[in-house]
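Subject: The structure I promised you

Hi,

Here is the model we talked about. Have a look at it first, and then read on for my notes.

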Amino acid sequence: MARDRFLQMRNNLHVIDNNSIPQNNTDRFIKVRPLYDSVRKRCLELKLEQILSVDEQIVPFRGKLEVKQYVKGKPQPWGVKIFMICGKSGLVYDFIIYQGATTNLDKNDVLKYGTSAAYVNALSMRINRSGHYLFFDNYFSNYVLLKDLREREIYAGGTIRINRFGKPPLITDKEGSKKDRGYTDQVTNNTKDVVVIKWIDNKGVVLASNFVGIGNQDEVRRWNKISKNYVTIPRPELVQLYNNGMGGVDKTDHLISLYRIFIRSKKWTLRMIFHAIDLALTNSWLEYQEDCKICNIPSTDVLDLLHFRQRVAEALIKMGHPIPSRKRGRPASGGSSPVNSPVTPKQHRFRTEIRPASEIQYDTVDHLPEYDQKKEATRCKNPGCKGKTHVYCLKCVIHLCFTGERNCFRKFHQKQE
Ligand SMILES: [Zn+2]
Ligand SMILES: [Zn+2]
């Protein structure tokens with residue numbers, strides 16, 4: 001595709017008809033909403049894993065947009081904020097795009113929990129059976145939320161801000177500094193369903209949960225500055241579980257950042273459109289990896305994220321479409337059959353012949369045979385065939401026998417039941 005054509009198409013890329021936006025619209029993301037709705041629809045269908053977390057994701061964007069946010073600690077802190085519930089695997093199960101006061105949150109929830117915990121409550125509705133673990137950091141956690149999640153048999157916990165827990169009588173930082181490193185102070189409420197702990201690590205770390213506090217401690221190695229050696233200190237069970245359970249969103253973020261669709265544009269709509277695609281691709285790849293494990297596919301045959309993305313792109317470009325005409329100056333229109341303008345054999349180099357994505361292989365569009373004019377015949381790529389041939393498929397660009405005895409060409413393109 002020519003550059004100018006690409007830019008022209010990109011500048012006119014729309015998800016909805018802007019004329020259809022109602023006057024009283026309050027959804028700031030209405031221009032990309034159908035795309036996010038369809039990504040979310042799939043997220044909601046996924047089977048939940050046991051260990052979950054709620055966190056913020058940032059769609060990096062520094063341009064003009066009212067609801068742009070700054071999130072401390074993110075590699076690219078400016079952008080559109082998305083609250084999400086993720087599995088430990090990095091799979092996204094649900095999300096809410098932040099848009100200030102008009103974010104679609106239950107008003108009663110906001111009154112009951114406060115805004116940030118209301119997000120956790122809204123996202124936790126995705127959890128439809130008991131026995132799941134849900135972790136979140138001190139931005140989200142509060143006392144009422146933990147109690148309510150406990151009633152729904154969701155094991156929840158995370159770091160906290162003391163003032164959202166009625167300032168429990170824990171040891172002060174000063175008192176803590178006199179204790180041995182690894183010491184934990186624990187306070188439980190009188191209904192015994194919320195426990196708050198302060199663990200003296202480098203400094204005091206405060207966490208709360210509705211199911212465990214000190215629990216079964218393990219040991220962690222820490223560098224002792226004074227004695228200049230490693231020491232092992234006890235670590236409460238809640239800290240272990242929290243450290244293990246958080247990080248799902250970070251994993252998703254990391255996977256997206258590896259091959260983020262690069263777009264040098266100041267339009268937030270374009271950023272959001274391509275982020276939705278990146279998000280869908282990452283989630284699909286994680287799903288694909290799970291499927292490969294279940295099907296016992298050897299790890300050498302499992303596509304890495306880059307090749308997976310290439311494969312999806314290739315399939316989307318070729319699937320169901322006729323092979324493009326290589327003649328210049330004449331746009332392919334419905335009237336001209338591509339049969340009349342085949343790719344000349346010289347243009348194909350056949351370096352390595354890779355089987356196309358099955359979406360292309362079986363799409364029954366334009367799989368035309370061509371004779372390669374080469375001196376030597378090439379191995380047939382139909383699985384199980386050891387024949388050699390000069391015939392190849394113009395669309396798949398792989399060699400397939402087509403002789404009186406063998407019609408690998410047809411077999412290859414017909415789905416076996
Ligand atoms: Zn083909
Ligand atoms: Zn063959």
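Let me start with threonine 282: setting aside neighbours within four places in sequence, its contacts are Thr252, Leu255 and Ile256. Before you go further, please keep in mind that this is a predicted model.

**Helices H8, H9 and H10**

Threonine 282 sits in helix H9. Its relative accessible area is 1%, so threonine 282 is buried. Arginine 28 is 254 residues away from threonine 282 in sequence, and their C-alpha atoms are 25 Å apart in space.

The contact partners of threonine 282, namely Thr252, Leu255 and Ile256, turn up again in H8, where the buried residues are Gly248, Val249, Thr252, Asp253, Leu255 and Ile256. Looking down the axis of H8, these buried residues stay within an arc of 165 degrees, so they line one face of the helix. What lies over them? The cover on the buried residues of H8 includes strand E1 (51-60), strand E3 (78-87), strand E4 (92-97), H9 and H10.

Another residue of helix H9 to look at is isoleucine 273. Isoleucine 273 counts as buried because its relative accessible area is 6%, under the 20% cut-off. Not counting residues up to four places away in sequence, isoleucine 273 touches Leu13, Val15, Val32 and Leu35. Serine 209 is 64 residues from isoleucine 273 along the chain, with 37 Å between the two C-alpha atoms.

Between H9 and H10 there is a loop, and asparagine 296 is in it. Asparagine 296 has a positive phi of about 55 degrees, although it is not a glycine. Is asparagine 296 buried or exposed? With 65% relative accessibility, it counts as exposed.

On to H10, for which a quick length check works out. Helix H10 has 14 residues (305-318), which at 1.5 Å a residue should span 20 Å, and the C-alpha atoms at its ends are indeed 20 Å apart. (If you redo the sum, the expected span uses one less than the number of residues.) The buried residues in H10 are Leu305, Phe308, Arg309 and Ala315. Seen down the axis of H10, they fall within an arc of 130 degrees, so they line one face of the helix. Covering them are, among others, helix H8 (248-258), helix H9 (268-294) and helix H11 (358-361). Just after H10 comes glycine 320, with a positive phi of about 75 degrees.

**The two zinc sites**

You will probably want to look at the metals, so here they are one by one.

Which protein atoms hold the zinc ion (ligand 1)? Its protein donors are His367 (ND1), Cys393 (SG), Cys396 (SG) and His413 (NE2), at 1.9 to 2.3 Å from the ion. Along the chain these donors follow the spacing H-x25-C-x2-C-x16-H. Cysteine 393 belongs to strand E15 (residues 391-393) and histidine 413 to helix H12 (residues 408-413), so this pair ties together parts that are 20 residues apart in sequence. The arrangement around the zinc ion (ligand 1) is tetrahedral because the four donor atoms subtend angles of 100 to 118 degrees. Cysteine 393 is buried at 0% relative accessibility, and histidine 413 is buried too, with a relative accessible area of 11%.

For the zinc ion (ligand 2), the protein donors are Cys380 (SG), Cys385 (SG), Cys401 (SG) and Cys408 (SG), lying 2.2 to 2.3 Å from the ion. The spacing of these donors is C-x4-C-x15-C-x6-C. This site is tetrahedral as well, with angles of 103 to 119 degrees among its four donor atoms. Of its donors, cysteine 401 is buried with a relative accessible area of 1%, and cysteine 408 counts as buried at 3%.

**Domains, and one more loop**

The protein chain is divided into domain 1 (29-136 + 249-318), domain 2 (159-245) and domain 3 (340-417). How far apart are the C-alpha centres of domain 2 and domain 3? They are separated by 65 Å.

Finally, there is threonine 364, in the loop between H11 and strand E12 (369-371). Its phi is near 50 degrees, a positive value in a residue other than glycine. Threonine 364 is exposed, with a relative accessible area of 66%.

Cheers

Note on methods:
Residues numbered from 1 in each chain as written. Chains lettered and ligands numbered in written order. Predicted model: local features only at pLDDT ≥ 70, side-chain atom pairs only at ≥ 80, totals over all residues. Heavy atoms only, no water. Helix = DSSP H or I, 4+ residues; strand = E, 2+ residues; numbered from the N terminus. Buried < 20%, exposed > 50% of the residue type's maximum accessible area, 1.4 Å probe, protein only. Arc of directions from axis to C-beta. Contact = heavy atoms within 4.5 Å. Donors = N, O, S within 2.8 Å, 3.2 Å for Na, K, Ca; no water. Tetrahedral: all angles 85-135°; square planar, octahedral: opposite > 155°, others 65-115°. Domains from an automatic or database assignment.
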